[in-house]
Amino acid sequence: MTADDPTTTNAALFLLSPRGPFEVRPTPVPTPAAGQVVVRVRAVAVNPVDAITGPLRRLVTPWVRFPTVLGSDVAGEVLAVGPDVTALAVGDRVTAFAAGQEKPRNSAAEGGFQRIVTVLERVTTRLPDDLSSEQAAVLPLALATAAAGLYEADQLALPLPGDRADRSDQVVLVWGASTSVGSNAVQLARASGYTVVATAGRANHDLVRSLGADTVLDYRDDDVDAEVVAALRGRRLAGTIAIGSGSLGHALRITRRASGAKRIASAYPDPVTAVRSRIARLRGIRVSAIWGGTPVVSPVGPAVFRDFLPAALADGRFRAAPEAMVVGHGLEALPGALQTLRNGVSARKVVVSMGD
């Protein structure tokens with residue numbers, strides 16, 4: 001290595017307090033421990049959890065110590081592997097869930113908003129050659145959130161993807177299917193053998209069908225609940241993932257009227273969710289709030305990221321979706337990317353390139 005070799009120096013975008021500001025600072029090049037991989041970041045995506053600020057940040061992640069490094073979605077190439085890592089090697093192109101904001105990790109060195117980051121092998125996926133780092137970066141947190149909702153024992157508890165059983169007489173309902181989480185939930189449910197009924201804005205119906213949904217309905221239709229119930233007629237509901245503001249109310253009304261599992265995994269927890277969950281329980285419906293970081297520590301993480309996804313991406317069974325919206329380059333572009341996300345995007349994910 002030479003003095004100007006970018007792998008000998010590192011820098012990160014630190015959030016100095018819950019209200020900010022951000023500041024780019026030098027930080028050590030990490031050395032991987034057992035189960036860890038060091039990745040040179042080529043692209044990073046931003047998520048709603050990165051864009052919150054002030055008291056809400058303290059409410060969502062009260063354990064985080066400041067200054068901290070945000071960011072969960074990274075893609076790049078492996079620089080070093082821990083002594084017990086066998087599925088990955090130096091030079092592999094990967095995407096990974098950077099778990100620095102998760103309570104069991106709580107480490108700025110594992111936050112994604114930096115040039116060189118430490119990630120866990122169990123939530124890292126080797127990429128096919130034809131998938132760019134920018135597009136691959138849309139996957140990790142959305143994939144983990146969808147997987148948690150579908151597969152964790154305290155959520156829908158469905159069979160893992162890759163199980164070849166045909167469950168096409170059973171339906172997974174994905175409310176909010178053109179979102180980042182929804183795009184992954186549709187594909188994972190199909191990979192587990194289920195028929196998918198989904199909702200999305202009309203402009204995104206073709207996208208959602210291309211991901212594997214059998215029926216797509218417009219969530220803005222006045223009679224959408226009745227339309228979903230009609231689409232479920234003759235089939236059993238295996239479970240529902242509710243994504244986005246207002247989704248839980250629709251999911252509750254539909255689940256009451258449909259036959260099958262009375263389980264809803266909500267990816268939009270808010271103060272109303274707990275109240276609605278208690279009321280729903282009295283009616284025999286179980287509502288659970290999804291925490292997207294659960295697969296970092298559960299068996300679902302390696303089952304999806306390590307055992308299923310590499311081959312599924314390579315052979316086209318799974319797509320990195322939604323489309324990456326690249327808005328800038330380098331750490332300095334990340335605050336602007338967060339503002340772009342706050343302003344609102346549809347069927348796209350905001351990404352910052354970090355390549356040379």
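Begin by selecting Gln 187: leaving aside residues up to four places away in sequence, its contacts are Leu 211, Arg 317, Phe 318, Arg 319 and Ala 321. The model on screen is a predicted one. Gln 187 belongs to helix H5, and its relative accessible area of 5% makes it buried, because the cut-off for that class is under 20%. Add Leu 143 to the selection: 44 residues along the chain separate Leu 143 from Gln 187, and their C-alpha atoms are 9.8 Å apart.

**Phe 318 and its surroundings**

Move next to Phe 318. With residues up to four places away in sequence left out, Phe 318 touches Leu 139, Leu 143, Asn 184, Gln 187, Leu 188, Phe 308, Leu 309, Ala 312 and Leu 313. Its relative accessibility is 2%, so Phe 318 counts as buried.

Now colour the largest nonpolar core, which has 58 residues; Leu 188 and Phe 318 are the members that touch the most others. The elements contributing two or more residues to this core are strand E3 (36-45), helix H4 (140-151), strand E8 (167-175), helix H5 (180-191), strand E9 (194-199), strand E11 (236-242) and helix H10 (300-314). Select H4 by itself to see the element that gives the most, with nine residues. Apart from this core lies another, of 32 residues, and Val 85, Ala 98, Val 117 and Val 352 are among its members. In soluble globular proteins, nonpolar side chains tend to be buried together.

**The aromatic pairs**

How many aromatic pairs does the structure hold? There are two. For the pair that does not involve Phe 318, select Trp 63 and Trp 291: the arrangement is edge-to-face, with 6.0 Å from centre to centre and 75 degrees between the planes. These two residues stand 228 residues apart and link distant parts of the chain, Trp 63 being in the loop between helix H2 (55-60) and strand E4 (73-81), and Trp 291 in the loop between strand E13 (286-289) and H10. Trp 63 is partly exposed, at a relative accessible area of 22%, and Trp 291 is also partly exposed, at 34%.

Return to Phe 318 and show Phe 308 with it. This pair, too, is edge-to-face, at 6.0 Å centre to centre and with 85 degrees between the planes. Phe 308 is in helix H10 and Phe 318 in the loop between H10 and strand E14 (323-329), ten residues apart. Phe 308 has a relative accessible area of 5% and is therefore buried.

A further ring deserves a stop at Phe 14. Arg 25 lies over the face of this ring, 5.8 Å from its centre.

**Ser 298**

In the loop between E13 and H10, select Ser 298. What does Ser 298 touch, not counting residues up to four places away in sequence? Its partners are Arg 122 and Glu 152. Ser 298 is buried, with a relative accessible area of 8%.

**Backbone features**

Most residues other than glycine have a negative phi, and most peptide bonds are trans. The next four stops concern backbone angles.

- Gly 20 to Pro 21: the peptide bond is cis, with omega near 0 degrees. Pro 21 is in the loop between strand E1 (11-15) and strand E2 (22-26).
- Phe 66 to Pro 67: here as well the peptide bond is cis, with omega near 0 degrees. Pro 67 is in the loop between H2 and E4.
- Asn 106: phi is positive, near 50 degrees. Asn 106 is in the loop between strand E5 (93-97) and strand E6 (116-120), and it counts as buried at 12% relative accessibility.
- Ala 157: phi is positive, about 60 degrees. Ala 157 is in the loop between H4 and E8, and it is partly exposed, with a relative accessible area of 39%.

**The whole chain**

Finally, zoom out to the full model, which has eleven helices and 15 strands. Along the principal axes, the C-alpha atoms fill a box of roughly 65 × 45 × 35 Å. The radius of gyration is 20 Å, which agrees with the value near 21 Å for a compact globule of 356 residues. Buried residues make up 57% of the 356. Among contacts between residues at least 6 apart in sequence, 71% join residues at least 24 apart. With the surface display switched on, the accessible area is about 14,400 Å², and 52% of it belongs to carbon and sulfur atoms.

Methods:
Residues numbered from 1 in each chain as written. Predicted model: local features only at pLDDT ≥ 70, side-chain atom pairs only at ≥ 80, totals over all residues. Heavy atoms only, no water. Core = buried A, V, L, I, M, F, W, Y, C linked by side-chain atoms within 4.5 Å. Buried < 20%, exposed > 50% of the residue type's maximum accessible area, 1.4 Å probe, protein only. Helix = DSSP H or I, 4+ residues; strand = E, 2+ residues; numbered from the N terminus. Contact = heavy atoms within 4.5 Å. Phe/Tyr/Trp six-rings, centres within 6.5 Å; stacked < 30°, edge-to-face > 60°. Lys NZ or Arg CZ within 6 Å of the ring centre and 35° of its normal. Rg over C-alpha atoms; globule rule 2.2 N^0.38 Å. Areas by Shrake-Rupley, 256 points an atom, 1.4 Å probe, with all protein chains shown as cover.
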